[in-house]
Amino acid sequence: MFRAPLPLIVAAVLAAGPAHAQQPIQKVEVFVNSAMVLTNAQGATVYRLDGLQQLQDELSQGLPSDPNKAAQIAQQRMRAMGAGLQERASNAATGIGLATQYGVDRMPAVVVNGQAIVYGVTDVAEAVRLFLKSAQAQDNGRRP
């Protein structure tokens with residue numbers, strides 16, 4: 001598991017600025033890939049940014065070279081996935097858009113209130129704790 005050095009994490013949180021430090025936590029969004037294991041993510045929205053690639057791989061795995069047969073099998077697989085297919089595709093597409101909007105440039109990334117980004121932490125509760133600690137330090141006029 002990759003863990004960013006604490007100064008890097010704190011720098012990312014400080015980039016949010018003091019105006020965001022006093023806001024209560026309203027939203028926590030997590031940006032990861034399918035290989036990353038999260039802990040303590042209850043209540044957070046998790047976006048798997050490689051979700052579209054994962055879906056494509058699942059749908060195309062072992063397809064025959066005949067395009068008609070391959071299309072038929074892929075359609076059967078999509079039907080078998082049901083609503084989960086749409087949910088997973090939507091999650092990945094939304095996550096990619098939000099990651100771009102927030103300026104997320106590496107994973108894992110935990111975004112608090114759509115403003116502060118904590119990088120390199122897969123324990124979501126720990127990322128929120130680091131955000132709160134940084135916000136409290138900013139409110140007290142000192143760096144964490």
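In this predicted model, helix α2, which spans residues 51-60, has Gly 51, Leu 55 and Leu 59 among its residues as buried positions. These three share one side of α2, because they cover an arc of only 70 degrees around the helix axis. The pattern fits a familiar rule: an α-helix has 3.6 residues a turn, so residues three or four places apart point the same way. As for what this buried side meets, the buried residues of α2 pack against strand β2 (45-48) and against the helices α3 (67-81) and α4 (83-102). After α2 comes Gly 62, and its phi is positive, near 70 degrees.

A helpful point of reference for the surroundings of α2 is Gln 75, a residue of helix α3. The C-alpha atoms of Gln 75 and Leu 59 are separated by 8.5 Å, with their positions 16 residues apart along the chain. Leu 59 is buried, whereas Gln 75 is partly exposed, its relative accessible area being 42%.

It helps to step back to the whole chain at this point. The protein contains 5 helices and 4 strands, and read from the N terminus the elements follow the order α-β-β-α-α-α-β-β-α. Of its 144 residues, 39% count as buried. Among contacts with a separation of 6 or more, 60% are made by residues 24 or more positions apart.

The 4 strands form an open sheet of mixed pairing, arranged in the order β2-β1-β3-β4. At the edges are β2 and β4 (116-119), each of which pairs on one side only. From one strand to the next, the twist averages 20 degrees.

The pairings can be followed across the sheet from β2. Strand β1 (residues 28-32) pairs with β2 in the parallel sense over 4 bridges, and here Val 30 stands opposite Val 46 of β2. On its way to β3 (109-112), the sheet changes sense: β1 and β3 run antiparallel and are joined by 4 bridges. Glu 29 has Val 111 in β3 as its bridge partner. The strands β3 and β4 are also antiparallel, again with 4 bridges between them, and Val 112 finds its bridge partner in Ala 116 of β4. The hairpin of β3 and β4 has 3 residues between the strands, and in this hairpin Asn 113 adopts a positive phi near 55 degrees.

Strand β3 offers a clear view of how side chains are distributed about the sheet. Ala 109 and Val 111 point one way from β3, Val 110 and Val 112 point the other way, and all of these residues are buried. Helix α4 lies across β1, β2, β3 and β4, and runs at about 95 degrees to β2. The same helix is one of the elements against which the buried residues of α2 pack.

Aromatic side chains add a further set of links, with 2 aromatic pairs in the structure. In one of them, Phe 31 and Tyr 47 are stacked, at 5.3 Å centre to centre and with 20 degrees between the planes. This pair joins distant parts of the chain, since Phe 31 belongs to strand β1 and Tyr 47 to strand β2, 16 residues apart. Both partners are buried: Phe 31 has a relative accessible area of 0%, and Tyr 47 has one of 9%.

Phe 31 also takes part in an edge-to-face pair with Tyr 102, at 6.1 Å centre to centre and with 80 degrees between the planes. Here the link is between Phe 31 in strand β1 and Tyr 102 in helix α4, 71 residues apart. Tyr 102 counts as buried because its relative accessibility is 16%, and the cut-off for buried is under 20%. Ring pairs thus connect Phe 31, Tyr 47 and Tyr 102 into a cluster.

One more ring deserves a mention. Arg 106 lies over the face of Tyr 119, at 3.8 Å from the ring centre.

Conventions:
Residues numbered from 1 in each chain as written. Heavy atoms only, no water. Buried < 20%, exposed > 50% of the residue type's maximum accessible area, 1.4 Å probe, protein only. Helix = DSSP H or I, 4+ residues; strand = E, 2+ residues; numbered from the N terminus. Arc of directions from axis to C-beta. Contact = heavy atoms within 4.5 Å. Pairing = 2+ DSSP bridges. Axes fitted to C-alpha atoms, helices over the stretch in contact; angles between N-to-C directions. Phe/Tyr/Trp six-rings, centres within 6.5 Å; stacked < 30°, edge-to-face > 60°. Lys NZ or Arg CZ within 6 Å of the ring centre and 35° of its normal.
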